[in-house]
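Trainee: Could you pick one part of this model and take me through it closely? I'd like to see how it sits among its neighbours, and what else is worth a look along the way.

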Amino acid sequence: MTDFTAEPNAPAPFDPLGPLGTETAAVAGAAAAPIRPMAPARWRLLLRRPTFFVGAGILLFWVVCAVFGHLFAPYNPLAQNLLAANTAPSGAHWFGTDPLGRDVLSRVITGARDILVITPLATILGTVLGTALGLAMGYFGGNFDLVAGRLVEAVLALPIVIIAFLFIVAVGPSVTTLVVVIGLVFTPLIARTVRAAVLAERHLDYVSSARLLGENPARVMFGEILPNVLPSILVEFTVRLGYAVFALVTLSFLGFGIQPPTPDWGADIQANYSGLLAGYWWQTLFLALAIASLVTAVNLITDSIEQVLNA
């Protein structure tokens, strides 16, 4: 079991009751510690990476589908036409039709809406909660870090899907429930990353100076330390965004996500995957490619940001 309180090679913690002579230089030279923001030159490097543009282009395409998909979808995604059921891809239906005669292309396009609403909101929620918890764990340490760390370990020991099931079964599936469930599931994962970043910062001179000047813990954590760990949080956010897509699709596939007949990639794959045995490959292939393209786009953006931050 990971020891959340272990800090190898960490300097002695600041003692506010200790002699002030040793802190004079810190106060004089770092009364307000210089925040280490991301240099503009690094962001310009990001714009020179082809992988970033590829990922951003794919993501932008799905964002347009989510916002305006109902305007250019060739058919009503809910309209059934049993006479055209299981039609192979053709000029009339580019991606074919499903067992109810619904146009697969239209459902792929409009199905992006809920995914690109739920997953960012859930990731933002998990990032906010995880950042707050990670800051507190890393800054206060001691018994608080020990207890919170053990709780985080207990949550991480359970499969994410099982935790999500418990919440959804208790309150029922809805957009709000999915946002809250996925956000809460990601909270301990993000908290662990933020805690590690805070441990590398909390003994630096600018933190000691802020304490010596009498700033309260909230001001030190959110005003001094947080700006310096934002790059780690940004990378963690983009990583979890990709996982959120998989989490939502998995829940929908298992019947705990967006409910039919609303277009949803996971639910539509679950409803149509048995058609693979009958040769109706198009009913699941294009949905799977949509999921893969969205996750790949997020991963390309994440890799580009991480490489720029580590440059």
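Mentor: Sure. A helix here is a DSSP run of H or I at least four residues long, a strand is a run of E at least two long, and numbering starts at the N terminus. On that basis the protein chain, which is a predicted model, has 11 helices and zero strands. Read from the N terminus, the order is simply α-α-α-α-α-α-α-α-α-α-α. Of its 311 residues, 44% are buried. Take the contacts between residues at least 6 apart in sequence: 76% of them link residues at least 24 apart.

Let's zoom in on helix 6, residues 160–171. Start with a quick geometry check. With 12 residues at 1.5 Å a residue, helix 6 should span 16 Å, and since its end C-alpha atoms are 17 Å apart, the two values agree. Right after helix 6 comes Gly 172, with a positive phi of about 90°.

Now, which residues of helix 6 are buried? They are Ile 163, Ala 164, Phe 165 and Ile 168. It helps to recall that an α-helix has 3.6 residues a turn, so residues three or four places apart point the same way. And what covers those buried residues? The cover includes helix 5 (142–156), helix 7 (175–199) and helix 9 (217–253). Two of those names, helix 7 and helix 9, are good leads to follow outward.

Follow helix 7 first. Arg 202 sits in the loop between helix 7 and helix 8 (205–212). Is Arg 202 buried or exposed? Its relative accessible area is 9%, so Arg 202 counts as buried. As for polar partners, the side chain of Arg 202 reaches the backbone oxygen of Tyr 139 at 3.1 Å. That side chain also makes a polar contact, at 3.3 Å, with the side chain of His 203.

Next, helix 9. Thr 123, which belongs to helix 4 (residues 104–140), has 0% relative accessibility and therefore counts as buried. Leaving out residues up to four places away in sequence, Thr 123 touches Phe 237, Arg 240, Leu 241 and Ala 244. Compare those numbers with the range of helix 9, 217–253.

Past helix 9 there's a backbone detail to flag. Pro 261 lies in the loop between helix 9 and helix 10, and a cis peptide bond with omega of about 5° joins Pro 260 to Pro 261. Most residues other than glycine have a negative phi, and most peptide bonds are trans. Another one for your list is Asn 86, which is not a glycine yet takes a positive phi of about 60°. Asn 86 is in the loop between helix 3 (50–72) and helix 4, and it is classed as partly exposed because its relative accessible area is 23%.

Pro 260 turns up again in the second largest pocket, where it is among the residues nearest the centre, along with Ala 267, Asp 268, Gln 270 and Ala 271. That pocket holds about 160 Å³ of space and has 16 lining residues. Helix 9 and helix 10 (265–272) each supply at least two of the lining residues, and helix 10 gives the largest share, five residues. By class, the lining comes to seven nonpolar, six polar and three charged residues.

Key:
Residues numbered from 1 in each chain as written. Predicted model: local features only at pLDDT ≥ 70, side-chain atom pairs only at ≥ 80, totals over all residues. Heavy atoms only, no water. Expected span 1.5 Å × (residues − 1). Buried < 20%, exposed > 50% of the residue type's maximum accessible area, 1.4 Å probe, protein only. Contact = heavy atoms within 4.5 Å. 1 Å grid on protein atoms, 1.4 Å probe; cavity = no way out; pocket = protein on both sides within 12 Å on 5 of 7 lines; lining within 4 Å. Points joined across faces, edges and corners; volume = space filled by probe spheres on them. Nonpolar A, V, L, I, M, F, W, Y, C, P; charged D, E, K, R; others polar. Polar contact = N/O pair within 3.5 Å; in protein donor to acceptor, adjacent residues only side chain to side chain.
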